[in-house]
Amino acid sequence: MNMKFLLRKMWILALPAMFLVTSCDDLEVENLNAASIDDVLGNPGDFPSLIEGTYIRWWRAIQQDWVGMPYTVMAQGGSSSWGNWGMQDLGTIPRNPIQNTLTYGNRYFMNNPWANLNGALGQINEVLRVMNDNFDGLAVDPQTGEDQTNFVLANAKTVQGLALGHLALFFDQAYPADESYSVVELAELDFAPYTEIAALAVQKLEEAAAIYEANPSVVMREIPGEARSGADAARFCRSYAAKIIAYSSRDANETASQVDWAKVLQLTSNGLQSDFSPQGDGGSAWWTRLLVNGQLALWMRASQRLVNEMEGGNQTTAPYPWPDGTASLPRITSPRDARLADYFTYNSGVSFQAARGWYFFSNYNFSREQEYLTAYATRMPHLTFNESELLRAEAILRTGGSKATAAEIINRTRVGNGGIAPLTGAESVDQLLREITYERLVEFSWDAAGSTWFFRRTSTANDLQLLEGTPRHLPVPAFELDLRGVTPYTYGGAGNER
């Protein structure tokens, strides 16, 4: 065993409090034996607070710097030619391979989610392992006698599912780690493909849902404004599990033939009844980059491709690609989709550099959540009731269910928000499925980091799919592969999407 690799695995998969971390890539290890972990986790009364903090690490991995902005540009939801966070690199046309090296300046759009998701997962796993090994599977505070076992189990499995789920959504492979492995076994654990990681994530979320359902007083904690408990927390877990199943697909073929749509239907039929929208805390821990820079016209615009799609492909009012040599386009005065005026703001000029590609240009920026910019303290839509319901609508269609029911669900946003003529259910299944993808792109692209990427890569509508050469997933970061003695690999560029 390569000792460097062993130390790295212990950093990722064991309790962070054991280590002195000097940066994202450099660390010193104070104590390497398993007993020291047991010492740190010697009081079951501390387990709830240790677990609560891992929700923040999950959120940091998926919503803050280095994820939302470049992934959205890559998938042509938003657009930006600036180099920050890798936006220019991932948005360049024709697509280039991702620079998966130890020295690439924007490597953190891979490194940060990998490290934080695995870090959250590692801390959770160690709490559960020590609870099982040392305390008979119980979390009873020795000082107060308070039994927090169900709280710890439900929340720990929730975080396991969320962390594993996003590893599956972002990366081609990851460690299938949970509390069943000892520290030594974790150091020997190999990667598993994203399909296995997604399945493990769904299993954990369903286990969490069962505990919440059986214990109505158990609260899902450490998410501001989202103190769900009992059946309500269980519904959240089921909708998130459905999201992971559906969005883990890498292309139209997997969507049509490999996704378990009957399972998605089962989960969403007992899923969210209200939006999951954490409350911003002013920018301390619970904030999202997509609602900060992603709403500022200087930083990001709506992709001209999205504007064209909202105009029904009209090449006169919204030409796509943006015509070379054109500094600005006129305002669309009577948009086909009312949301172009309601969710986006027209700008008379474009601040991007033409030398980096006219295709980055757009006159519109996303501005639906402008109130958030005043203090970063309003609700942040993440997984809404409408998004969960559109997952249900897709599952209905893909399992041979009622087209009229699916149409009714689609019309809630299509007609209610977009003012577009209602669907009747007489349309073909393919047309209804296309309109589901369209609604996702317009309604939810700025909600959760990576959403536009997931929507386009899973779409079976040819005109709404990812641009050729866009990677379908990320490689394991070079720093992790280097510690394993494995040559880095990459994705992106024509013929190398996955």
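Reader: Why is Trp 59 called buried?

Author: Its relative accessible area is 0%, and buried means under 20% (exposed is over 50%, partly exposed in between; 1.4 Å probe, protein chains only). Trp 59 therefore meets the cut-off. Trp 58 also has a relative accessible area of 0%, so Trp 58 is buried too. This is a predicted model, in which local features need pLDDT of at least 70 and side-chain atom pairs count only at pLDDT 80 or more, while totals for chains, interfaces and linings use all residues. Residues are numbered from 1 along each chain as its sequence is written, and side-chain values use heavy atoms, with hydrogens and water left out.

Reader: What makes Trp 58 and Trp 59 an aromatic pair, and of which kind?

Author: Ring centres of Phe, Tyr or Trp (six-membered ring) must lie within 6.5 Å, with planes under 30 degrees apart for stacked, over 60 for edge-to-face and tilted for the rest. The count by this rule is 30 aromatic pairs. For Trp 58 and Trp 59 the centres are 5.9 Å apart and the planes are at 65°, which makes the pair edge-to-face.

Reader: How do you know which kind of pair Phe 344 and Trp 446 form?

Author: Their planes are at 75° and their centres 5.9 Å apart, so this pair is edge-to-face. Phe 344 is in strand S7 (residues 344-346) and Trp 446 in the loop between helix H18 (429-444) and helix H19 (451-458), so the pair ties together parts 102 residues apart in sequence. Both Phe 344 and Trp 446 are buried.

Reader: Which residues form one aromatic cluster with Trp 58 and Trp 59?

Author: Phe 236, Tyr 240, Phe 276 and Trp 286 join them in one cluster.

Reader: Why is Arg 457 said to sit over the ring of Trp 453?

Author: The rule asks for NZ of Lys or CZ of Arg within 6 Å of the ring centre and within 35 degrees of the ring normal. The charged end of Arg 457 is 5.0 Å from the centre of the Trp 453 ring. Arg 484 lies over the face of Phe 191, at 4.3 Å from the ring centre.

Reader: How do you know that the span of helix H6 agrees with the expected one?

Author: The expected span is 1.5 Å times one less than the number of residues. The 27 residues of H6 (residues 108-134) should span 39 Å, and the end C-alpha atoms are 37 Å apart, which agrees. In H6, 24 of the 27 residues are buried. Asp 136, just after H6, takes a positive phi of about 55°.

Reader: What makes H18 largely enclosed?

Author: Of its 16 residues, 13 are buried, so the rest of the structure largely encloses H18. H18 reaches 22 Å from first C-alpha to last, close to the 22 Å expected.

Reader: What makes a space a cavity?

Author: On a 1 Å grid over the protein atoms alone, a 1.4 Å probe fits there but cannot get out. The count is 4 cavities of 30 Å³ or more. The largest holds about 100 Å³; 15 residues line that cavity, and the closest to its centre are Gln 76, Ser 79, Ile 93, Ser 303 and Tyr 359. Strand S3 (78-79) and helix H13 (304-310) each supply at least two residues of this lining. The second largest cavity has a volume of about 50 Å³, and its lining includes Gln 304, Trp 322 and Tyr 364.

Terms used: 1 Å grid on protein atoms, 1.4 Å probe; cavity = no way out; pocket = protein on both sides within 12 Å on 5 of 7 lines; lining within 4 Å. Points joined across faces, edges and corners; volume = space filled by probe spheres on them. Helix = DSSP H or I, 4+ residues; strand = E, 2+ residues; numbered from the N terminus.
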